[in-house]
Every structure is written in C-alpha cells, then in structure tokens.
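Subject: Structure handover

Hello,

I am passing this structure on to you. Please have it open while you read the notes that follow.

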Amino acid sequence: MEEVRVRFAPSPTGYLHIGGARTALFNYYFAKKNNGKFILRIEDTDTERLKEDSVSQILSSMKWLGMDWDEGPEIGGDFGPYFQSERTELYTKEIMRLVEEGKAYYCFCTEEDLEVEREEQKEKKLPFRYSGKCSHLSKEEVEKNLKEGKPYVIRIKIPREGTTEIEDLIRGNVSVNNTQLDDYIIMKSNGMPTYNLACVVDDHSMKISHVIRAEEHLSNTPKQFHIYKALGYELPQFAHLSMILAPDRSKLSKRHGATSVEEFRDKGYLKEALVNYLTLLGWSPGENEELFSMEDTLKKFSLDRVSKTAAIYDIDKLTWMNGNYLRDLDLDYIVEEAIPYFIESGLVTEVESKYEYIKRVVDSVREKVKLLPEIAEASAYFFKDIESYDEKGVKKRFMKDGVVELLEKGSEALRDAPAFDIETVERVYRDLIDELGIKGGDIIHPTRLALSGKTVGPGLFDIISILGKEECIKRMNSAILYIKNMK
C-alpha cells in the first residue's frame, strides 16, 4: 500500500472555525492510524480575504488541540514550500502547459460580455454556463489580443457530454452530468491561480493520497477531477465529511455562540473536551461511549464510521463534557489551567507560595463547575472576605430562632478542635450535633453561609479545613454579629 499522506489546507481568513478543526482532526486521526503523514498547507492565494495574524492564530489553535503536523509551516518538509503564495511559479508552469497542449485557453471576455450571456440564459431559465466562445479564437487572434494588452483569464476545456464519476470513501459514487459544468477559470486576471487549480497541483506535487475535507467542497471535486485528467495526474482518494449544522438545522454562524477554537479556549473550555466533542461531530466509536481521549480515538478511527448525515452543534453537550473533564483529569493540570483565571479575577497575584492552597481550593470546587472561569468564581470566598450573604440563605438560615447560639457553639467546638484536617473537624461537628440533639442541617447550613456567604458549594468540612481555624472563627463571629444587628 502506498504511504498515506493527508493534508489540512486552511485559508488564513480568520480564526480556526470548529468545522475546520474537525476536518483537521479527522485528517490527523487517519494519518496516525495508518502510520502516514499529516501535512499542513496554507492556502493564501486569495489576497482579498486574507487577515493579518490569521496564520499564527490557526497554528496556535492546532497546537493547542494537540495536532502536530509532520510537514508544513515552521518545520518545513520535502515537498514545500507550504504556503501557496510561494508556489505561484509551479501553478503558472502547469497552467501554461495546459494552454500549450490545447486543454486550456485564453478568455478575453469582459464583464459586459459575460453579463449578456448571463441574461440570455436567464431568459431561457437556464443556470449560467460560460459558452466557451473564446475557445474558438485562432492562434493569431489570441496573439493579437495579448499584444494589445487585453485583460484575460485562462479557462480549462470541459467535455460537453457524458458524466463525471467519482468514488467517495464516505458517500460512495458521486456522479455529475458534464452539462452542469462549464469551462471554468483556472487563472484569474491578476495572474493568480484559482482554488481548484492550485489545490490539484499542490495535492499532486505533495503526493497526497487521500483528500479528506468538508462536504462544501464536494461541488469542487468534479471540477478538480478534470484538472487531474488534463494534467495527467493520478487521482487521490476523496472523502467528504458531513456538514455541522446549528441546533435549528440552519448554517452554523456567530449567532449560535462561539464557533472558533480560540473562542472556546478563551471561554474556559479544556482542549480535551473540545477534541472529544469535535470527534463526535460525524464519527462514532461504535459503542455508546461519549467521553474518550485523542489516544482512544486513534485506536478505533476509520472512515467507515464517519456519518453521511449532518452533525448538529450542541453547546450544552460540549459544556457537560467539559465539566466531566474538569472533575476527572489530573488535579495539577486543572490547577495550571485555572490559575490564569484566579489572576485575572484579582484573587491571587503571587502563585508559587500559595500553590498548595490553590490546589486544595480547586479540588474542592471542581466537582460542581463546568468551565475554567467558574472555578475562580466559585473560589472567591477562599481568598477574600465575604462582602455579602446570599439573600434567600439569610432568610432561611440566619433568621431562625437559636441560630446565633448554634453558631457560637460551633465556633467554640472548632476553637477546641485538636487538629484541622477534614476528618477531625467533621468528627468535632458530628459530636456537637449529637450532644445538642439537633438535626445536622440545623448547624451545618448556617455554618456554610457564615463561612462562604453561599448556600451551595463544596462539602462544609472541606471549606472549614481549607480556610483554617483562625479564619473560620473570625467569619463565624462576623456572621453572629451580622445576625444580631439584623434582629
């Protein structure tokens, strides 16, 4: 079997969209599963749509997701350069070869000429197809036009009869009647190649064996087929991934929330969750598994498990996955990911000396949060004094008769605790509950509110142990004073 070589070829027109990231992932999986090569190529010939810094953002997003390329920008390779803008000589050479072989031709039609044709076909209720009239120009006419400096494009000749048949590894046989195609442009008037020409020349010269890309490129495949044939290139195998649609089955857009890898990263999603989620957008491991790593996927990945039907974007499912990963992944890793949000929130300025404390706090709160910023939000009372108590909690917990006396007894019990680890403070409180003959909630709930200002959160004894004896007693005394003033 020939070496598997696949490529991801984004246009640097913005951030890495989740559709592009999913395409890159599936190419990456296919290459690694087949001991092949994953190539990154930047398609930057559309100068009007290029955005500054877009390349660096795409590379950064791919690295963050864990997709290291075998050839491409920053690392090079035997088949470079890997930016299309640096390969224009190769495109020009192949385009001129097609012209010389009579498989492509100069077209001098103006916009006005094309508009006349467009109107004529519109009247006949036909879709616009270029008539091909410039293909009939004599050699002398072409030379005369070129000498006079007339603007031109170059078009490829397409058969007017028959069908174009392509075997797709996901969709099966794809057939297009050649009457639906016209002699489309392969070189623009500015001398730059069109997408379809550059794509074919690059895939051939980079020895790409499998072209795995989004369904939106399916319409380009018959056009590229004819370029392959005209140039005498061997066809790669094609596989077109299903679309990713919004929950209402419309085209995914900004109005449906974050749509780029960078946005998800900024919102506090873990790369493990995003990779897991993107993998499930159109692929199934074969069981009912929903949570699995990139390594798990590599053991099972194959194109025959890729769905033909559109995948539905579901931000709630991604968020649920993220919560699971926050709970289950290595604690030190989650702490490192969460620390920037602690700093941004002003909760810590110096990390090193407080690392073990931060680690205990993160471990206590990560059970009930779903995004990294929520870890910092849920942890605020561990780092600063309580500014206010939950209003409903005050009415329900602080306004009960006898609550001041219970908090005072709780404070005394903690003051006398022989140690301040979780097990000891829990035993001290349980003994107090038995001694007073009350329900546990009668003292546990107001104590939680006194120490955190909240009615929900980590286990009370985790909170007590983390805050420490001095801070707990100080906060309970403040709550007792607050309740007395309220009454």
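In these notes, contact means heavy atoms within 4.5 Å. One caution before the details: this is a predicted model.

Arg129

Arg129 is placed in the loop between α4 (111-123) and α5 (139-147). Apart from its neighbours within four places in sequence, Arg129 is in contact with Glu117, Gln121, Thr179, Gln180, Leu181 and Asp182. For one of these, Leu181, there is also a backbone distance: its C-alpha atom is separated by 7.1 Å from that of Arg129, although the two positions lie 52 residues apart along the chain. Is Arg129 buried, exposed or partly exposed? Its relative accessibility is 25%, so it counts as partly exposed, because that class runs between the 20% and 50% cut-offs.

His226 and its surroundings

Leu181 turns up again in the list for His226. With residues up to four places away in sequence not counted, His226 touches Ile156, Ile158, Pro159, Thr164, Asn178, Leu181 and Tyr184. With Thr164 there is a polar contact between the two side chains, at 2.8 Å. His226 has a relative accessible area of 9% and is therefore buried, since the limit for that class is under 20%.

His226 is part of helix α7. This helix (residues 221-231) is the middle piece of a right-handed β-α-β unit, with β8 before it and β9 after it. The two strands of the unit, β8 (residues 210-214) and β9, run parallel and are joined by five bridges. Within this pairing, Val211 stands opposite Phe238 of β9. Strand β9 (residues 237-241) is mostly covered, with four of its five residues buried.

Asp203

Val211 is also one of the residues that Asp203 meets. Leaving out neighbours within four places in sequence, the contacts of Asp203 are Arg7, Arg41, Ile208, Val211 and Tyr228. Which of its contacts has a side chain in polar contact with the side chain of Asp203? That is Arg7, at 2.9 Å. Asp203 lies in helix α6 (residues 195-205). Its relative accessibility is 2%, so Asp203 counts as buried.

The three-stranded sheet

An open sheet is formed by three strands in the order β3-β4-β7, with antiparallel pairing. Its edge strands are β3 (104-107) and β7 (185-187), each of which pairs on one side only. On average, neighbouring strands in this sheet are turned by 45° against each other, with direction ignored. Four bridges hold the antiparallel pairing of β3 with strand β4 (residues 153-156). Among the bridge partners, Tyr106 is matched with Ile154 in β4.

Helices α12 and α13

How are α12 and α13 oriented relative to each other? The axes of helix α12 (residues 331-344) and helix α13 (residues 355-365) come within 10 Å and cross at roughly 100°. The two helices are therefore roughly perpendicular to each other, because angles of 65 to 115 degrees fall in that class. On the α12 side, the residues that meet α13 are Leu331, Asp332, Ile334, Val335, Glu336, Ile339 and Phe342. Their counterparts in α13 are Tyr355, Ile358, Lys359, Val362 and Asp363.

Regards

Conventions
Residues are numbered from 1 along each chain as its sequence is written. This is a predicted model: local features need pLDDT of at least 70, side-chain atom pairs count only at pLDDT 80 or more; totals for chains, interfaces and linings use all residues. Side-chain values use heavy atoms; hydrogens and water are left out. Buried means under 20% relative accessible area, exposed over 50%, partly exposed in between (1.4 Å probe, protein chains only). Two strands pair if DSSP finds at least two bridges between them. A crossover is right-handed if, with the strands pointing away from the viewer, the path from the first strand over the helix to the second runs clockwise. A polar contact is a pair of N or O atoms within 3.5 Å; within protein, one must be able to donate a hydrogen and the other to accept it, and residues adjacent in sequence count only if both atoms are side-chain atoms. Axes are lines fitted to C-alpha atoms, for helices over the stretch in contact, and angles run from 0 to 180 degrees between N-to-C directions. Angles under 35 degrees count as roughly parallel, over 145 as roughly antiparallel, 65 to 115 as roughly perpendicular and the rest as oblique.
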